[in-house]
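Hello,

Here is the structure we talked about. Please open it first, then read the notes below it.

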Amino acid sequence: MKNKNFFYLQYDKINWQNQEKTEINYFVNDYIISEIISKKKSPSIKIFDIGFGIGFFLKMLYHSLITIFDELIIEGCEPSDKNYQFSLKKPLKVKEGVKIQTYNSTFLNTETKQKFDFITAIYVFPHFVQDEFDATAKKINEMLEQNGQFILVVANEAYLEEKLKSMQDLFIERNVIEYNGKKYKEVLHYSDIPKIGKIIDYNREEKFYLDLFKNNGLELVSKKDLNDNGFLCTVFVFEKK
Ligand SMILES: C[S@@+](CC[C@H](N)C(=O)[O-])C[C@H]1O[C@@H](n2cnc3c(N)ncnc32)[C@H](O)[C@@H]1O
């Protein structure tokens with residue numbers, strides 16, 4: 001599975017817009033906003049969300065942060081045309097002091113001059129392919145302010161391995177990634193999401209992400225496993241030092 005465009009084109013064939021009804025990811029989004037982003041001590045805040053889907057998290061961010069910060073800059077990119085067009089359907093009526101900018105493009109093709117306090121990637125890294133890793137991590141570093149944080153959410157590694165053992169029809173193939181002279185395990189699999197559809201994801205061992213971001217100037221400052229109604233994910237926070 002080497003075609004990188006496949007990983008966003010697959011969203012044109014499923015119903016990610018049903019996230020509005022099922023509110024999938026609400027729990028993890030709320031954790032990120034209340035426990036990490038809103039803790040920033042400053043009158044202004046700037047956030048970029050990679051692969052925002054239909055904009056569910058962007059809207060949560062706006063509604064939560066508008067009561068805390070005087071100035072708010074929210075940007076994000078989403079390459080799937082179907083998701084992007086859906087995100088435009090109910091635009092936010094933004095208050096003074098708020099700037100929202102979205103891009104219908106992949107992360108690597110997105111051009112912004114803004115620097116950010118936080119960059120988020122919520123279940124998006126499982127869609128990046130090997131030849132994008134270093135360029136993506138480098139771009140995240142360049143787009144962050146000094147001491148800015150990158151928040152990465154992926155399925156919990158051990159939980160996913162157990163799931164693939166019990167639901168073998170979700171398994172596609174195992175690979176080995178070579179990065180900076182080291183080898184890491186990777187598994188390609190389906191994720192079957194209620195009322196949304198089946199997507200294909202890469203799951204990689206945690207150590208790979210730690211080494212990738214460390215090598216690109218981002219140090220791990222916290223890691224938290226969350227149980228979202230039986231689905232286990234891991235939230236990593238990296239900081240630009
Ligand atoms: C599992 S969905 C998560 C959407 C959103 N982050 C959320 O939590 O609701 C993954 C999203 O990543 C997007 N995506 C895939 N490849 C991408 C890329 N190269 N750059 C940016 N986004 C990408 C997909 O189009 C899809 O909307």
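**Notes on three residues**

With 9 C-beta neighbours inside 10 Å, Asn-180 counts as exposed. The terms work as follows: a residue is exposed if 12 or fewer other C-beta atoms lie within 10 Å of its own, buried if there are 20 or more, and partly exposed in between, with C-beta atoms placed from the backbone.

This is a predicted model, in which local features need pLDDT of at least 70 and side-chain atom pairs count only at pLDDT 80 or more, while totals for chains, interfaces and linings use all residues. Residues are numbered from 1 along each chain as its sequence is written.

Asn-180 sits in the loop between strand 6 (171-179) and strand 7 (182-193). Helices (H or I, at least four residues) and strands (E, at least two) are DSSP runs, numbered from the N terminus. Although Asn-180 is not a glycine, its phi is positive, about 55°.

Glu-23 is not a glycine either, and has a positive phi of about 55°. You will find Glu-23 in the loop between helix 2 (19-22) and helix 3 (26-36). Glu-23 is exposed because it has 12 other C-beta atoms within 10 Å.

Glu-205 lies in the loop between strand 8 (197-204) and helix 8 (206-214). Is Glu-205 exposed or only partly exposed? It is partly exposed, because 16 other C-beta atoms are within 10 Å. Leaving aside neighbours within four places in sequence, Glu-205 is in contact (C-beta atoms, placed from the backbone, within 7 Å) with Glu-157, Tyr-184 and Lys-185.

Regards

How values were computed: Contact = placed C-beta atoms within 7 Å.
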